[in-house]
Amino acid sequence: MNVWKMGLVAAGSALVLAACGSTTGGGGGGSSCNPTGGTIGGSGTTVVKVVSDPNTVGKFDPTPVSVTAGQSVEWDFSDSSAPHTVTADDGSFDSCSQNSGTKFVVTFSKAGDVKYHCTLHSQMLGDVKVS
């Protein structure tokens, strides 16, 4: 491998590590992200565990979940092997990167189907059905 290719690989690796390296501010993604649309801590009407899964790096369990307008969902970050996010596809909430032991709670005020995902692991998908 040429020296310039090795340098390119090293620089790319350093950028990836820098993006994921801090455990302050967002629980693992650095201080550039502030959770929106919900709160860190507390409890919800329905609990979704954010757990490890050897097939997808992680998963939301259960999904989908159903609540009525005015109720809340609590995501309990239980995966100690990797940080995750809970991010609404429509941008209405974002937990930012969080580590095991964190809880993120969102109250849903109107009926609809709210799809969400983990921004760090594209296979992690979830759905909240609000009636």
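The largest pocket of this predicted model holds about 190 Å³ of space, and its lining takes in residues from strand 7 and strand 8, each of which supplies at least two. Beyond the pocket, the points below cover an open sheet of four strands and the placement of Ser97, a buried residue.

**Pocket lining**
- The residues that line the largest pocket are Asp90, Ser92, Phe93, Val106, Thr107, Phe108, Ser109, Lys110, Ala111, Gly112, Asp113 and Val114.
- Strand 8, which spans residues 112-118, gives the largest share of this lining, namely three residues.
- Sorted by class, the lining of the largest pocket consists of five nonpolar, four polar and three charged residues.

**Sheet**
- The open sheet is built from four strands in the order 4-9-8-6, and the pairing within the sheet is mixed.
- Strand 4 (65-67) and strand 6 (87-88) are the edge strands, and because each has a single partner strand, one side of each is left without a neighbour in the sheet.
- Strand 4 pairs with strand 9, which covers residues 121-130, in the parallel sense and over three bridges; within strand 9, Lys129 is the bridge partner of Ser66.

**Ser97**
- Ser97 belongs to the loop that runs between strand 6 and strand 7 (103-107).
- The relative accessible area of Ser97 is 8%, and Ser97 therefore counts as buried, since the cut-off for that class is under 20%.
- Between Ser97 and Thr87 there is a C-alpha to C-alpha distance of 9.6 Å, while in sequence the two are ten residues apart.

How values were computed:
Residues are numbered from 1 along each chain as its sequence is written. This is a predicted model: local features need pLDDT of at least 70, side-chain atom pairs count only at pLDDT 80 or more; totals for chains, interfaces and linings use all residues. Side-chain values use heavy atoms; hydrogens and water are left out. Two strands pair if DSSP finds at least two bridges between them. Buried means under 20% relative accessible area, exposed over 50%, partly exposed in between (1.4 Å probe, protein chains only). On a 1 Å grid over the protein atoms alone, a cavity is a set of points where a 1.4 Å probe fits but cannot get out, and a pocket is an open set with protein on both sides within 12 Å along at least five of seven lines; lining residues have an atom within 4 Å of a point. Grid points are joined across faces, edges and corners, and a volume is the space filled by probe spheres set on the points. Ala, Val, Leu, Ile, Met, Phe, Trp, Tyr, Cys and Pro count as nonpolar, Asp, Glu, Lys and Arg as charged, and the others, Gly among them, as polar.
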